[in-house]
Amino acid sequence: KEAKLDEKAFAAVEVSEWKEFYGDVAEELPPRMPEPLGNAVDITCFVDANHAGNVVTRRSHTGILIFVQNAPIMWFSKKQNTVESSSFGSEFVALRIAKEMIVALRYKLRMFGVPLRG
């Protein structure tokens, strides 16, 4: 018997629900940014960490894939510099690296005049 996923548990959260937590924040746009032309593009990122995957050093491993319009454009795989005591810590380190890569990519695309969705 195949288990079915209850998709109601993944209901979309309205942006207004996050305003109380984050306030009225906006993305910082680069100075002298050209006017975006053309169709907006989507950026998708997948991140994972292998907690304490190295049995000798107990270091975790980070894996990141970044797609623009469903085409892989950046990938990253590296042993983490720190030894984390939990899988939450190693995943958080991986997310920090992915966030920095996405911010840099968004900056580059904006400076090329590519419109971004989201």
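A residue is called buried under 20% relative accessible area, exposed over 50% and partly exposed in between, with a 1.4 Å probe and protein chains only. The model is predicted, so local features need pLDDT of at least 70 and side-chain atom pairs count only at pLDDT 80 or more, whereas totals for chains, interfaces and linings use all residues. Residues are numbered from 1 along each chain as its sequence is written, and side-chain values use heavy atoms, with hydrogens and water left out.

Helices (H or I, at least four residues) and strands (E, at least two) are DSSP runs numbered from the N terminus. Strands are taken to pair if DSSP finds at least two bridges between them. Three strands form an open sheet in the order S1-S2-S3, with antiparallel pairing. S1 and S3 stand at the edges with a single partner strand each, so one side of each has no neighbour in the sheet. On average, neighbouring strands are turned by 10 degrees against each other, direction ignored; axes here are lines fitted to C-alpha atoms, for helices over the stretch in contact, and angles run from 0 to 180 degrees between N-to-C directions.

Strand S2 (residues 61–68) and strand S3 (residues 71–79) are joined by eight bridges in the antiparallel sense. Within this pairing, Ile-66 has Met-74 of S3 as its bridge partner, and Leu-65 stands opposite Trp-75 in S3. The two strands form a hairpin with two residues between them, and Gln-69 in the turn has a positive phi of about 55 degrees.

Helix H2 (residues 87–111) has 25 residues, and its end C-alpha atoms are 36 Å apart, in agreement with the expected 36 Å; the expected span is 1.5 Å times one less than the number of residues. H2 lies across S1, S2 and S3 and runs at about 155 degrees to S1. Its buried residues pack against these three strands, contact meaning heavy atoms within 4.5 Å. Among the buried residues of H2 are Gly-89, Ser-90, Val-93 and Arg-110. Ser-90 counts as buried because its relative accessibility is 0%. Leaving out residues up to four places away in sequence, Ser-90 touches Ala-49, His-51, Ser-60, Gln-80 and Glu-84. Just after H2, Gly-113 takes a positive phi of about 85 degrees.

A nonpolar core is a set of buried Ala, Val, Leu, Ile, Met, Phe, Trp, Tyr and Cys residues joined through side-chain atoms within 4.5 Å. The largest such core has 11 residues, including Val-41, Ile-64, Ile-66, Val-68 and Leu-116. S2 and H2 each supply at least two of its residues, and the largest share, six residues, comes from H2. Beyond its neighbours within four places in sequence, Val-68 is in contact with Val-41, Asp-42, Ile-43, Ile-73, Leu-105 and Leu-109.

Rings of Phe, Tyr and Trp (its six-membered ring) pair if their centres lie within 6.5 Å, and planes under 30 degrees apart count as stacked, over 60 as edge-to-face and the rest as tilted. Three aromatic pairs result. Phe-21 and Tyr-22 form an edge-to-face pair, at 4.8 Å centre to centre and 85 degrees between the planes. Phe-21 is exposed, at 61% relative accessible area, and Tyr-22 is exposed at 52%. Phe-46 and Phe-67 are also edge-to-face, at 5.8 Å and 85 degrees. This pair links distant parts of the chain, with Phe-46 in strand S1 (residues 43–50) and Phe-67 in strand S2, 21 residues apart. Phe-67 is buried, with a relative accessible area of 17%.
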